Each structure stands twice: as C-alpha cells, then as structure tokens.
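Welcome to this tour. Keep your viewer open and your selection tool handy as we go from stop to stop.

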Amino acid sequence: MTTHFDLLIQNATIIDGTGAPRYKGDVGIIGEKIAAIGDLPGTAERIIDAHGLVLSPGFVDPHSHVDLNVLVHPLAENMIMQGITTFIGCNCGHCRAPLSGPEYATRWNEYLGLGPEECVDSDWHTFGEFLERVESSGLAMNFVPLVGHGAIRLTVMGEDFKRKATPEEVETMKGHVREALDHGAFGLSAGMDYEGDFADPDAEVVELLKLVQERDGIFAPHTRNLDYRCRVQDSEDFGYGRSFGPYEDAWVGRFHGVVEAVETATLANKIRTHIAHFPPAWVLFQPHPDEVERAMAQATLDEYVDKPRSQGVDISFNVLAADFTAGSRTPIINSFFNTMLSLPLWLTSLPKEQFVKRLHVQSFRNRMKDLIYSGTFKFGMLPPRNDPYWMDCFRIAHCKISEYEGKTVGEIARSRSPHRLMDAVYNQSIDAIFEMLIADPNTTWDFILDKRAGPIIQDLFLTHPAGYPCIDSAVLLPEQPADSLSRMSPLYFGGFPNFIHTMVTQKRLLTLEQAIHKACCMPLQEIVKVEDRGVVRENAYADLLLFDPDRLRMTGTFDQPTLPTEGLEWVMVNGRIAYEGVQHTGVLSGKVLRHNQN
C-alpha cells in the first residue's frame, strides 16, 4: 500500500544533522512531521525533485533578538532567507516580558528605533501572556524562549534599578522566574553589561539561577565588559556601552567577565551554561603576531570551556557566523552625533553643517581631540581612550578624497606619518578624519574588524565542539530605506550560509556533515534539550532546507547587505514551505516551543 504525502522530496542527498555520512533518499512529509525516509513510491500533493541538492535540518540561531520585534515583523524575512528555521530568543537579559507598564514597552520601542507605525500594543503583563500573544499573532520561525534577567529587574525595581536589589525584591524576582518557567521558558539570560551590571552576582543572580537549574534550564549570560564600554562616574548616566566599574576594566574587564560567568555557573549548582558571543578572555589592542592571537584564543578555550567541562560544568558558547564583524557601513559624521553616547551639548547642539565648518578652526579641532580621548567617546563601538588602534578597524568606503577609498584609517594615518608611529596613532588618525569630513561631509566607512572575533579566533572557536555560530540580530527587512542600511551588516541576511561556505568550502576546517551538525542539531539537542527537531528522521518535525552545496554562500556586502543567499532553494518550517524561488512565501508556520511541554 502506497502512502499519500503532503510533500514528497525525491532524489535528495540527505545530511541528517547527527554528523553521520550523507546518503541518497526520499523524504515524505505529512502535516508537520517527517513521515518516512527511504526509496518512497508514494503519491503527494506536491513533489520536489531534489536531484543535486542537499536536504538538511534548518539552521538554528542560538543567540537571537528576533523576539523583540517579531510581533511587528512576523515573517522574519532576513532569517528565513538564510535558512534559519528556529531561534533561541530573549537574550542578553532583554525581553518584552514580564512587563510592568506602558513605560517599559516604550523603552523597548525606543531601543529598537521603531516608528509609531511599527509599534504594537503591549496588552500583556506576564511572560506566559507574552508567549500566548506571539503564538496567536503567528510567526514564520520556531521560537525557543528564555526569560530576561534585565526585564525582570526593570519590572520589579522600575527606574530605581541602578542599585543592588533588596531581599524582598529578589523574592519578587523569583516569582517572575517561576512564572516564566511554568509557561515554558528554557532558561534565564542575563546582560551583565546592561541592567545586570548593578545586580549582586551572589544574592541575586545565583539565587535566581538555582531555580532555573532545578528545572533543567540554562543560563545564557552576556558577559560583563564584553562591550567596548566607556567609563562614567554617575550611575544616572546609564546607557549602552557605559560602565561604572574600575577604569582598569577597560583592559582587564573582559577577562573578569568570562571568569565571572564560569564562577556563577558553578555556584548555581553547575547550571548548564551557554555564553553569548563568547570573547577571548585576554585583550591585546596593539598589533601583534598571529601566534599571540591564536595563543590567547586557545588559552580561553582551555581554561574557561574545557577545564570547567572536565569538572562537571556544562559550558558551551556562541560566536558570530562570520569572521569580519557585525558592523556596518555608516557616515563618519554620525559618530559625532551618536544619541547613544553622553556627548556634550556644545557638540550635539551644532547643526552638522556648522560642525564641519568649525573643523577648519584649530582650537575646535583640539577640543574635539580632547573629547575623543576623554573615555566617553566612541567611533562606532570603539572608545579610542581604551583602544588607540581603533583606526585599524575602519575602512573608508566612499570619500571625495579618492586615494583614501578602500584603505583603513590606520593605513591612511601611517602614510601621513611613515616614520613616527605614535604620531600616526594619536594625531594623524584624527586629523585624517577631520580632513575627510571637510572635503566630503558624506564620507562613509565600514567597520571591518572586531578584535573580539577576528579570523583566527573564529576558526578556533567555531571548530571547538562546544562552539556554535549565531547571528545576534532582530528582524530586518530586505527592502529597507537607503538611510537605514547604515545600521546593517550582511551577516544579518546571510550569516549561516557564510558559515557553511567559509568553514567547509573555503577553509576546509569542517566537513559539511560536521557543519550541519553544529548549525542545525546541536543547538537544540545539546543546549536546550529539544530532541525532535534539528534532525532528519522519521517523526521529527519537518524544519528542512534544500540547497546546492557548491553554490551556497552569502552574497551581501557592506554596500548591499540585503542581497539574498545564493544556492538556497527551499526552506520548510513545520512541514510548510516558507521560502522558494528566492522569495518568502508568506507562510507563518512557526511555533513557540516550551520547555518540558512540547
């Protein structure tokens, strides 16, 4: 008796996600699940001939912020178009629930830069109600929810969160953690560079994590001092990229943050821990040999991943699915009017045209240099006070001084002072920027190097058994206004295909079977213990990809970040086709997955 399938995929090369060798076969789907695998003679509502294509599980993003705006953009186009079918969300302590009131909802709308037409009514209060809202609204991907420590902290403490919580407040936080776990949260995320910066790591964070560990949940920390943070004295000056710790943490803070994450996991009864965008524990800003970079990265793995794992602390981590950075192309002049920084009124009150005119005046330029090296200023993510070699991280994209195009600021500065490195670092780098802005106020640059995640680091981290690729993005739209493209990296539209193409095809550091195992199966089965997804086997959910392994790659660039992935032919989520013919089909077949409830 032949079986009638909803969808029958024939003649595929199957890579099942387990790491096993590929094999030829057909896959029959009925409803949401894989009903049969083999040489299938059945009939189907639709048949796809997959000759020459690989069939694999869909990619799983273990560190995502899609949850922040999935209610606004449920199609999640930039994720589906690169083959991501499941995301682990509510990371870095950020979450839209629990919700204390409209002020908190407004905070997140502002954080995302959402216009009035993009905002949604926050008609929920608890974490469970938020998940129900997402479910009822529909979504294109599967959502594995964590609950955010920062969200809980703001709900309990309101605007008075910039202090240690009282014992009574910690008890109230525990109630919110229990409610989230009761409704399916897979664990607790924490942003130690954000609201978590003020929390007592023992009396608050560890105590909350003990509740999570009792339910076999996970701890997902954004480690302290991961961001390139400016040091400020006033706790009221709270915001992105600002720190109230010792100034010395500008150089040793990242080490302290990695150590703290392992300490916290150990103290919380050895809770299973997945560290977000994991950095090397050691920082060396000045140019250095590759051997030094490799040694620092390997020592980080030896001391803070392998050693704890040998002692019974299950540590895993994610890093970006590319070795270039999550940075993007931006006008240089925007750095001097960045609303996320605490910039002085004498600067921010100037119209940009007047700012450029003032750059002709030496006393104004001197004042600007003092500000740039004050410790409160950043170019993009980088404070020059902390990293004098920030200049090697930015490449000029478009400028009317044409000989500067395609060169880093560091290369330009060294050419201006070829025999005096310190002059190039501290003076010529800034003077070159001022002169570019005078010649062309619309000069743009690309942030091309994140020293936390260069090629040597990524190669070691992404080939480690406990390392996973991630995207670290909310939903972005392929059709964006030109002025919004400056906030985007091509990583956000093609990071996972880039991981496959780079690690398998270009560098040959992983086999395709190993890369699929790492990007599709392991995040679900090893991190959050979901057993019926991330694999191609009978009775597993049909979250599947069909792609040409010889052509799969990211095509986006800093200039055109939203270009579609090459070689990705079909994406299926819970048995329904979400992407076909380089187009999103509009299907919302994703699910909210719930811990111990699916």
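Before the first selection, one term: a residue counts as buried when its relative accessible area is under 20%, as exposed when that area is over 50%, and as partly exposed in between. Keep in mind, too, that this is a predicted model.

**Stop 1: helix α13**

Select residues 421-439, which make up helix α13. Its buried residues are Ala424, Val425, Gln428, Ser429, Ile430, Asp431, Ala432, Ile433, Phe434, Met436 and Leu437. Which elements do the buried residues of α13 pack against? Add these to your selection: the helices α10 (352-358), α11 (362-372) and α12 (409-416), together with the strands β17 (394-398) and β18 (444-447).

Now look along the helix and centre the view on asparagine 427, where α13 has a kink of about 45°. How far apart are the end C-alpha atoms of α13? They are 25 Å apart, which agrees with the 27 Å that 19 residues should span at 1.5 Å a residue.

**Stop 2: a salt-bridge network**

Stay with Asp431, one of the buried residues of α13, and show its side chain. Then add Arg365, Lys369, Arg416 and Glu435: together with Asp431, these residues are linked in a network of salt bridges.

**Stop 3: lysine 174 and its two partners**

Move to helix α5 (residues 167-182) and pick out glutamate 171 and lysine 174, which sit three residues apart there, about one turn of the helix. Their side chains meet in a salt bridge, with 3.2 Å from N to O. Is each partner buried or partly exposed? Glutamate 171 is partly exposed, at 45% relative accessible area, while lysine 174 is buried, at 13%.

Keep lysine 174 selected and add glutamate 207: these two also form a salt bridge, their closest N and O atoms lying 3.9 Å apart. This pair links distant parts of the chain, since glutamate 207 belongs to helix α6 (residues 201-214), 33 residues from lysine 174 in α5. Glutamate 207 is partly exposed, with a relative accessible area of 28%.

**Stop 4: arginine 309 and aspartate 314**

For the last pair, select arginine 309 and aspartate 314, joined by a salt bridge whose closest N and O atoms are 3.4 Å apart. Arginine 309 has a relative accessible area of 36% and is partly exposed; aspartate 314, at 30%, is partly exposed.

**Where to go next**

How many salt bridges does a search of the whole structure find? There are 32, so you can carry on exploring from here.

Notes
Residues are numbered from 1 along each chain as its sequence is written. This is a predicted model: local features need pLDDT of at least 70, side-chain atom pairs count only at pLDDT 80 or more; totals for chains, interfaces and linings use all residues. Side-chain values use heavy atoms; hydrogens and water are left out. A salt bridge is a side-chain nitrogen of Lys or Arg within 4 Å of a carboxyl oxygen of Asp or Glu. Helices (H or I, at least four residues) and strands (E, at least two) are DSSP runs, numbered from the N terminus. Buried means under 20% relative accessible area, exposed over 50%, partly exposed in between (1.4 Å probe, protein chains only). The expected span of a helix is 1.5 Å times one less than its number of residues. The bend at a residue is the angle between axes fitted to the seven residues ending there and the seven starting there. Contact means heavy atoms within 4.5 Å.
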